[in-house]
Amino acid sequence: MEAMKLENPFLTRGYAGPEYFCDREVETKQLVSAITNGRDVTLVAPRRYGKTGLVHNAFRFLGKDHATVYLDIFAMDDLASFVQAFSSAVLGTLDSATERVGRKLLSFFRSCRPKMTPQEDGTFAFSFDIAPSQAKATLKETFDYIASRNRKVVIAIDEFQQVRFFPEKGVEALLRSYIQFVPNAHFIFAGSKKHMMDEMFVSPKGPFYQSTQLMALGPIDAAAYAAFAEGFFRKAGRAFDGSAFRHLYDRFDGITWYVQAVLNRVWANGLGLDSPERADAAVDDLVAESGAFFIDLLRSQTAAEQSLIRAIGREGVVAAISSGDFIRRHRLPAASTIRSAAAKLKERDLIYRTDDGYVIYDRLFGVWLGRL
Ligand SMILES: Nc1ncnc2c1ncn2[C@@H]1O[C@H](COP(=O)(O)OP(=O)(O)O)[C@@H](O)[C@H]1O
Ligand SMILES: [Mg+2]
């Protein structure tokens, strides 16, 4: 892949090749090795740690002898929209869409009629129109189609826990039953809701129990991250102070997106990372820009939820959320109310439970709340 030179080397979304991708060497090797050796992988980490980036980085290596399919299902809300996207992504990737192949392909799909649209380069683009009542049939046909190709394929389904919100029950069991019989396809299931991913992949009752290799993604190593960042600053003749970087890294527990977002700002301002205050100023800018959004976010919660959010924001980390101490300190409602508010906020990804206790999930929201 020929990398394009970027104006700003610190991405805040997407993947732009290895030059702009820091470390993750061990994780990339693990992922590549699992897939090449025929094991499906479950990749779990909270949002913003770098799951999606890692999948794309692994695809660079896997792409040599696999067709690669990436699908983010975060915004999908039923089986039909999933199948629509899944089948289109698979069909778009698995074949060079010549008309000959196209005719053969059409024979697989009796539940729907894939449309073939001729492209300028002589190939055909496929599009599906799935009848919701036929979604299961189309999914089955798509797997039959994959199995019929003598090409290895790796399919990453990102934010996979979303299937649990589909009104159709047992989508994951259905998928599992098809996947078992498609030896040339391997899967990466990435997800950011640990308890939901655990229920599917780790629990003995889950449909994917012991069927995938489990990978948890932690933060990027601090020294490797510092070296990565320093390389760009030095090459551009800008200052870089290791302890300023460390300050930034620690402030956000090394979580990739926040580190990237701050470096992106410092860079955009034409500056070097020359002091901890420089990093903090960029954090302030980011927080200020989201202020209006944060106010709305806070106000759209119930009164009890709001007071709990504010209390956690004020303390940073709260070990015992329904303890008398914490409740008195912040004049919160009764412990039972707090517990159910916490459950709701957790489900909405507004708070998050770390080993040390509850924190505000979005760290910039946390900074903003801390200042109220
Ligand atoms: N190893 C990395 N080096 C540099 N930037 C990264 C790396 N991994 C992820 N990123 C960037 O960090 C941000 C968050 O990563 P992403 O993969 O989207 O996280 P997730 O999928 O876990 O929510 C994105 O802007 C992405 O470009
Ligand atoms: Mg992601």
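1. Which side chain does R363 meet in a salt bridge? In this predicted model, the partner of R363 is D253, and the N to O distance of the pair is 2.8 Å. The bridge links distant parts of the chain, since R363 lies in helix α16 whereas D253 sits in the loop between α9 and α10 (256–268), with the two positions 110 residues apart in the numbering. R363 has a relative accessible area of 15% and is therefore buried, the cut-off being under 20%. D253, with a relative accessible area of 43%, is partly exposed.

2. Helix α16, which spans residues 363–370, also packs against helix α12, residues 291–299, and the two axes come within 11 Å and cross at roughly 85 degrees. Because an angle of 65 to 115 degrees counts as roughly perpendicular, that term applies to α12 and α16. On the α12 side the contact is made by G291, F294, I295, L297 and L298, and on the α16 side by L364, F365, W368 and L369. Sorted by class, the residues of this contact comprise eight nonpolar and one polar, with no charged residue among them.

3. A second salt bridge to consider joins D250 to R246, with the closest N and O atoms 3.2 Å apart. Both residues belong to helix α9 (residues 242–251), and because they are four residues apart they are separated by about one helical turn. D250 has a relative accessible area of 40% and is partly exposed, and R246, at 42%, is likewise partly exposed.

4. Towards the start of the chain, E19 forms a salt bridge with K5, and the closest N and O atoms of this pair are 3.1 Å apart. Both E19 and K5 lie in the segment before α1 (25–36), yet the pair is described as linking distant parts of the chain, at 14 residues apart. E19 is partly exposed at 31% relative accessibility, whereas K5 reaches 63% and therefore counts as exposed, for which the cut-off is over 50%.

5. As for the wider set of charged pairs, a search of the whole structure finds 19 salt bridges. Side chains of opposite charge can pair when their charged atoms come close. Salt bridges also link R47, K193 and D349 in a network, and a colleague inspecting the model may wish to view these three residues together.

Note on methods:
Residues are numbered from 1 along each chain as its sequence is written. Chains are lettered from A and ligands numbered from 1 in the order in which they are written. This is a predicted model: local features need pLDDT of at least 70, side-chain atom pairs count only at pLDDT 80 or more; totals for chains, interfaces and linings use all residues. Side-chain values use heavy atoms; hydrogens and water are left out. Axes are lines fitted to C-alpha atoms, for helices over the stretch in contact, and angles run from 0 to 180 degrees between N-to-C directions. Angles under 35 degrees count as roughly parallel, over 145 as roughly antiparallel, 65 to 115 as roughly perpendicular and the rest as oblique. Contact means heavy atoms within 4.5 Å. Ala, Val, Leu, Ile, Met, Phe, Trp, Tyr, Cys and Pro count as nonpolar, Asp, Glu, Lys and Arg as charged, and the others, Gly among them, as polar. A salt bridge is a side-chain nitrogen of Lys or Arg within 4 Å of a carboxyl oxygen of Asp or Glu. Buried means under 20% relative accessible area, exposed over 50%, partly exposed in between (1.4 Å probe, protein chains only).
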